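Let's take a walk through a protein model, one spot at a time. Have a look at the structure first, then read on.

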Amino acid sequence: MIASERIIVPLDVPNLDQAIALIELLPDVSFWKVGLELFTSVGPRILDVLKSRQKRVFLDLKFHDIPNTVGSACRIAGTYGVDLLTIHATCGKDCLRGAMDALFQGAATGGTAPPKLIAITLLTSISARDLAFDLKIPLELPEFALQMALLAENAGLDGVVCSPQEVAQLRESCRPDFLLVCPGVRPVWANKNDQKRALSPVQALQYGADYLVIGRPITAATNPLSAWEKICEELGSIQNLSSTT
């Protein structure tokens with residue numbers, strides 16, 4: 001897989017017009033993330049726009065509810081023909097397993113391939129201090145992320161969303177084809193914003209990430225196309241190096 005195909009760019013905009021403008025500004029981006037803001041604004045219309053342009057779609061809705069409610073939502077999401085879908089691992093094992101079954105049911109009904117279901121281990125805006133003092137979780141942050149990943153793996157999910165700071169441990173602990181999708185990725189020349197557990201794109205790939213979610217360093221740059229190309233060039237250099245060693 002070439003470097004550019006491993007980057008997922010978020011469409012973190014409030015309406016369809018702005019989403020289309022960003023897609024057209026970055027024509028070489030092949031994988032886009034649709035999150036809560038845009039999906040709440042325009043619904044599945046944005047998915048149709050992306051698929052009509054042969055783009056891959058990460059539908060990042062982070063389902064978190066009782067098993068029956070999550071299952072019903074996943075059954076509908078399974079008809080959309082997207083590539084990735086998210087659920088919080090803290091929904092629990094029964095909910096995770098039910099979500100997988102519901103996705104396949106929805107995909108069969110819609111005549112589409114089911115998306116890969118990946119679980120959120122811990123939001124990258126949460127620090128070790130937040131986990132201990134605010135959420136009162138009596139585990140070190142890396143251990144908590146590992147336990148959530150193993151829970152998702154045992155429930156039959158396809159992968160997890162994790163901080164790049166945890167990706168090396170998860171790559172060693174989970175099966176080889178278990179997808180590791182990393183937000184909180186920030187080039188060394190970019191602002192970290194609200195990401196508390198960030199690493200550079202090069203580091204994240206070297207540690208074993210499959211996909212990198214890179215938003216504001218690209219979309220909020222003075223020249224988004226130039227920022228995109230710069231990141232692709234940086235990642236391409238390490239891929240070329242690894243292929244010759």
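A residue counts as exposed when its relative accessible area is over 50%, and as buried when that value is under 20%. Keep in mind that what you're looking at is a predicted model.

**A residue on the outside**

Let's try those cut-offs on Thr 40, which sits in helix α2 (residues 36-42). Its relative accessible area is 67%, and the cut-off for exposed is over 50%, so Thr 40 is exposed. Thr 40 and Asn 15 are 25 residues apart along the chain, and their C-alpha atoms are separated by 9.4 Å.

**A strand on the inside**

Now for the opposite case. Strand β4 (residues 84-88) has five of its five residues buried, so the rest of the structure largely encloses it. Which way do those residues point? Leu 84, Thr 86 and His 88 face one way from β4, while Leu 85 and Ile 87 face the other way, and all of them are buried.

So who are the neighbours of β4? One is β3 (56-63), which pairs with β4 in the parallel sense over three bridges. In this pairing, Phe 58 stands opposite Leu 84 of β4. To get from β3 to β4, the chain passes through helix α4 (residues 67-77), making a right-handed β-α-β crossover.

Strand β5 (residues 116-120) also pairs with β4 in the parallel sense, this time over five bridges. Here Ile 87 stands opposite Ala 119 of β5. The chain travels from β4 to β5 by way of helix α5 (residues 93-110), and this β-α-β crossover is right-handed too.

**A buried lysine**

Back to the stretch just before β3: the loop between α3 (45-52) and β3 is where you'll find Lys 55. Lys 55 is buried, yet it has no salt bridge. What is the nearest side chain of opposite charge? That's Asp 28, at 6.7 Å.

What does the side chain of Lys 55 have by way of polar partners? Two backbone oxygens are listed here, each with its distance from a polar atom of that side chain:

| Backbone oxygen | Distance to a polar atom of the Lys 55 side chain |
|---|---|
| Pro 27 | 2.9 Å |
| Val 29 | 2.9 Å |

Pro 27 and Val 29 also turn up among the residues that Lys 55 touches, along with Ile 23, Ser 30, Trp 32 and Leu 50, leaving aside residues up to four places away in sequence.

Methods
Residues are numbered from 1 along each chain as its sequence is written. This is a predicted model: local features need pLDDT of at least 70, side-chain atom pairs count only at pLDDT 80 or more; totals for chains, interfaces and linings use all residues. Side-chain values use heavy atoms; hydrogens and water are left out. Helices (H or I, at least four residues) and strands (E, at least two) are DSSP runs, numbered from the N terminus. Buried means under 20% relative accessible area, exposed over 50%, partly exposed in between (1.4 Å probe, protein chains only). Lys and Arg count as positive and Asp and Glu as negative; His and the chain ends are not counted. A salt bridge is a side-chain nitrogen of Lys or Arg within 4 Å of a carboxyl oxygen of Asp or Glu. A polar contact is a pair of N or O atoms within 3.5 Å; within protein, one must be able to donate a hydrogen and the other to accept it, and residues adjacent in sequence count only if both atoms are side-chain atoms. Contact means heavy atoms within 4.5 Å. Two strands pair if DSSP finds at least two bridges between them. A crossover is right-handed if, with the strands pointing away from the viewer, the path from the first strand over the helix to the second runs clockwise.
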